[in-house]
Amino acid sequence: MSLLLIAKNRDFSSLKQAILDRDPNIDVEVWPRVSKKERVNFAVCWNHPDKVLGNYPNLRAVSSLGAGVNHLLDDESLADEIPIARLITESLQTQMSDYVLNAITNYRLHINRYFEQKKTGIWKQFNNISKANTPVGVMGLGEMGLSVATLLVEQGYKVFGWSRNKKDIDGVESFAGNDELNTFLGEVKMLVNLLPLTDETDGILDLNLFKKLKKPGYLINVGRGSHLVEEDLIYAFDMNYLEGACLDVFEEEPLPNNHTFWNRKQIMITPHIAAITPTEEAAKVIVENYKRAMSGMELMYEVDREKGY
Ligand code: NDP
Ligand code: OXD
């Protein structure tokens, strides 16, 4: 029996060690060096080569190395009956909430403009934007969205949330489903995307959606790059539907050097770091799920394949 770590261009030495520290009896292998493919019973994947999972006939379960699982659901070589888990840890939620709060504060204090001014030594002040004038809408109120929304309420923001099912969260006005999407958007200036990437949410951040925000809106995309129709972001700036964006995720990662987003002053770019799973915490969940899979138990943070998240 072996546990296989699979990713393109990733150094797994510390994760492998952290797994072994928890349980030295687990045989941890790192793709592509696999002793015998029949021995692989559990795989942990991030940015894995397409269809690679089909090579392992005795897989009992797979885990994402992150909170999102779209890369696993997209892999047609993974048989339908194989359970998929994702990695959720408390510090992921804290990191995500900190990231979003910082992005909103940077917007309100014009930090991006001051970075630009510093390049040419310009000393020019702008009035801070008040919290009252920054109503926030969080799309997706799951593990990440809920903690973001809760922190923003604590910080005194007016917060709206949109999810598939209505939620009862203190201080958050909840909207649900496509019928209530437009009403939700009409309340919001600062839009935070924390949806999972599914057939229904792919490309949801488009010109038509930006048009419905309070003008000009601001986008924080921490979900997935494919939620955003990239060229529509540029149109949305040109039409003054949006005045800026903070992007952590991209259709293609790493974002190519020649991508037009790099040269846009309105766009803050971070390299998919809003919430990074700490190695020790990842190892804890992976080992637990490995043991569960080996004994036929339900996995922690198991994904509903029908829903796609
Ligand atoms: P969850 O699965 O816990 O929550 C998903 C939320 O989205 C739920 O509230 C769900 O509604 C809602 N939702 C799903 N589909 C729809 C839809 N069609 N219409 C309306 N609402 C919908 O996910 P997490 O909060 O854990 O993570 C969300 C995503 O954030 C991940 O999939 C990943 O892509 C991204 N992420 C990014 C990170 C980064 O570093 N940038 C780090 C971690 C996550 P309901 O509750 O009603 O079912
Ligand atoms: C993700 C993650 O899913 O980093 O994006 O956990």
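Trainee: In which loop does His-259 lie?
Mentor: This is a predicted model, in which local features need pLDDT of at least 70, side-chain atom pairs count only at pLDDT 80 or more, and totals for chains, interfaces and linings use all residues, while side-chain values use heavy atoms without hydrogens or water. Residues are numbered from 1 along each chain as its sequence is written, chains are lettered from A and ligands numbered from 1 in the order in which they are written. Helices (H or I, at least four residues) and strands (E, at least two) are DSSP runs numbered from the N terminus. On that basis, His-259 lies in the loop between strand 11 (242-247) and strand 12 (267-269).

Trainee: Is His-259 buried or exposed?
Mentor: Buried means under 20% relative accessible area, exposed over 50%, and partly exposed in between, with a 1.4 Å probe and protein chains only. His-259 has a relative accessibility of 14%, and therefore counts as buried.

Trainee: Which residue has its backbone nitrogen 3.0 Å from a polar atom of the side chain of His-259?
Mentor: A polar contact is a pair of N or O atoms within 3.5 Å; within protein, one must be able to donate a hydrogen and the other to accept it, and residues adjacent in sequence count only if both atoms are side-chain atoms. The partner of the His-259 side chain, at 3.0 Å, is the backbone nitrogen of Phe-261.

Trainee: What share of the accessible area of ligand 1 does the protein cover?
Mentor: Ligand 1 is surrounded by 30 residues (each with a heavy atom within 4 Å), the closest being Arg-86, Met-144, Asn-165, Lys-167 and Tyr-309. Oxygen atoms of ligand 1 lie 2.9 Å from a polar backbone atom of Leu-141, 3.2 Å from a backbone N or O atom of Gly-142 and 2.7 Å from one of Asn-165. Of the 930 Å² of accessible area (Shrake-Rupley method, 1.4 Å probe) that ligand 1 has on its own, the protein covers 94%.

Trainee: Which element gives the largest share of the shell around ligand 1?
Mentor: The shell draws at least three residues from each of domain 1 (2-89 + 277-295) and domain 2 (90-269), whose bounds come from an automatic or database domain assignment. Two elements give two or more residues to this shell, helix 5 (143-154) and strand 7 (159-163). The largest share, 3 residues, comes from helix 5.

Trainee: How many charged residues does the shell around ligand 1 have?
Mentor: In this classification, Ala, Val, Leu, Ile, Met, Phe, Trp, Tyr, Cys and Pro are nonpolar, Asp, Glu, Lys and Arg are charged, and the others, Gly among them, are polar. The shell has 14 nonpolar and 9 polar residues, and its charged residues number 7.

Trainee: What share of the accessible area of ligand 2 does the protein cover?
Mentor: The residues around ligand 2 are Trp-46, Gly-66, Ala-67, Gly-68, Arg-224, His-272 and Ala-275, divided into 3 nonpolar, 3 polar and 1 charged. Oxygen atoms of ligand 2 lie 2.8 Å from a polar backbone atom of Ala-67, 2.8 Å from a side-chain N or O atom of Arg-224 and 2.7 Å from a polar side-chain atom of His-272. Of the 210 Å² of accessible area that ligand 2 has on its own, the protein covers 85%.

Trainee: Which helix gives the most to the largest nonpolar core?
Mentor: A nonpolar core is a set of buried Ala, Val, Leu, Ile, Met, Phe, Trp, Tyr and Cys residues joined through side-chain atoms within 4.5 Å. The largest has 31 residues, and Met-96, Val-100, Leu-152, Ile-220 and Val-222 have the most contacts inside it. At least two residues come from each of helix 3 (90-108), strand 6 (136-139), helix 5, strand 9 (190-193) and strand 10 (217-221). With 8 residues, the element that gives the most is helix 3.

Trainee: What is omega for the cis peptide bond that joins Lys-215 and Pro-216?
Mentor: Pro-216 is placed in the loop between helix 7 (207-210) and strand 10. Its peptide bond with Lys-215 is cis, and omega is about -15°.

Trainee: What is the phi of Lys-51?
Mentor: Lys-51 is found in the loop between strand 3 (40-46) and strand 4 (61-64). With a relative accessible area of 44%, Lys-51 is partly exposed. Although Lys-51 is not a glycine, its phi is positive, at about 70°.
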